[in-house]
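Biologist: I'm new to this one, so could you walk me through it?
Modeller: Sure, let's have a look together.

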Amino acid sequence: MKTLIVYAHPEPKSLNGSLKDLAVSTLEKAGHEVRVSDLYAMNWKAVVDASDYGPNASTRLKVARDSGRAFDAGTLTPDVLAEQQKLLWADTIIFQFPLWWYTMPAILKGWVDRVFTYHFAYGVGEHSDTKYGERFGEGTLAGRKALLSVTAGGPESHYAARGINGPIDDLLFPIHHGVLYYPGIEVLPPFVLYGTDRMTDEDYPDVAKSWEQRLLTLESTEPIAFRRQNFGDYEIPSLHLKEGLEPAGRSGFGLHVRG
């Protein structure tokens, strides 16, 4: 297994830093290849601008079109090209980050914004009466798996079905479905640690044991059963789920998960 870890936390001695280091040592000990993109250590540029696209940036910047032209011409900046190559190399991607304001840290969102360019992560495949591009189960990154390893400060009850923060599956849906599944990556159920603001050093051995067990079962873990876009579940071009396919009583994000 070839694993890319995309790590987003400013403090190397943080819990997130320890989980990243443990992932590296556990996977390498098991015989897997590992690469790490430590975004803060890399001083990753988190904002998209015309400099990303060199001579292919238009006078009035159009991010989608210009990023696709730069990708096609091979003129994306070296940092973006390097991350795209890591994604093509990997068969598994682990994203290690804290849940800040109900989503990923800005530096990680900036990594997505800059690396997932047009003609690489989206805007690929045919558009016809029966197919709406290659996405949501198809695409450049199909055949890969991804896992979110997330730390949350609040207790687990706050992220339950009736919890004030909303269900954790709903909070992570935009990342799982909209960022990862969109370009074809199969998404594994997340590894979430709750109450981390109150976690002590004495708690860490149990955390580490759970994380190691999860890492060593990545290859056998079934992905979330998101519906594939072009395989009969959706009307095209409206992309509405066909009537009668939803389980009784299910609505919202859950409509897009089979079973």
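Biologist: Which residues of α3 are buried?
Modeller: Keep in mind that this is a predicted model. Buried here means under 20% relative accessible area. In α3, the residues that count as buried are V80, E83, Q84, K86, L87 and W89.

Biologist: And what covers the buried residues of α3?
Modeller: We're looking for what has heavy atoms within 4.5 Å of them. The cover includes β1 (2-7), β2, α2 (63-73), β3 (92-98) and α4 (106-115).

Biologist: How far apart are the end C-alpha atoms of helix α3?
Modeller: Helix α3 runs over residues 78-89, which is twelve residues. At 1.5 Å a residue, the expected span is 16 Å. The model agrees with that, because the end C-alpha atoms are 16 Å apart.

Biologist: Which element supplies the largest share of the largest nonpolar core?
Modeller: That core has 45 residues, and F95 and W111 have the most contacts inside it. Elements that each supply at least two residues are β1, α3, β3, α4, β4 (145-151) and α5 (168-181). The largest share is eight residues, and it comes from α5.

Biologist: What is W111 in contact with, leaving aside its neighbours within four places in sequence?
Modeller: W111 is one of the residues with the most contacts inside the largest core. With those neighbours set aside, its contacts are V6, L39, W44, E83, L87, F95 and F116.

Biologist: Is W101 buried or exposed?
Modeller: W101 sits in the loop between β3 and α4. Together with W100 and Y102, it makes a nonpolar surface patch of about 440 Å². Its relative accessibility is 79%, and the cut-off is over 50%, so W101 counts as exposed.

Biologist: Which side chain does R114 meet in a salt bridge at 2.9 Å, N to O?
Modeller: Side chains of opposite charge can pair when their charged atoms come close. R114 is in helix α4, while its partner is in the loop between β2 and α2, 62 residues apart. R114 counts as buried because its relative accessibility is 2%, and the partner, also at 2%, is buried too. That partner is D52.

Biologist: Which residues are linked with R114 in a network of salt bridges?
Modeller: The R114 pairing with D52 belongs to this network. The residues linked with R114 are K45, D49, D52 and D79.

Biologist: What separates D113 and K109 along helix α4?
Modeller: These two form a salt bridge, with the closest N and O atoms 2.7 Å apart. D113 is partly exposed at 34%, and K109 is partly exposed at 39%. Being four residues apart in helix α4, they are separated by about one helical turn.

Methods
Residues numbered from 1 in each chain as written. Predicted model: local features only at pLDDT ≥ 70, side-chain atom pairs only at ≥ 80, totals over all residues. Heavy atoms only, no water. Expected span 1.5 Å × (residues − 1). Buried < 20%, exposed > 50% of the residue type's maximum accessible area, 1.4 Å probe, protein only. Patch = residues over 30% accessible without salt bridge, like charges linked within 9 Å, V, L, I, M, F, W, Y side chains within 5 Å. Areas by Shrake-Rupley, 256 points an atom, 1.4 Å probe, with all protein chains shown as cover. Salt bridge = Lys/Arg side-chain N within 4 Å of Asp/Glu carboxyl O. Core = buried A, V, L, I, M, F, W, Y, C linked by side-chain atoms within 4.5 Å.
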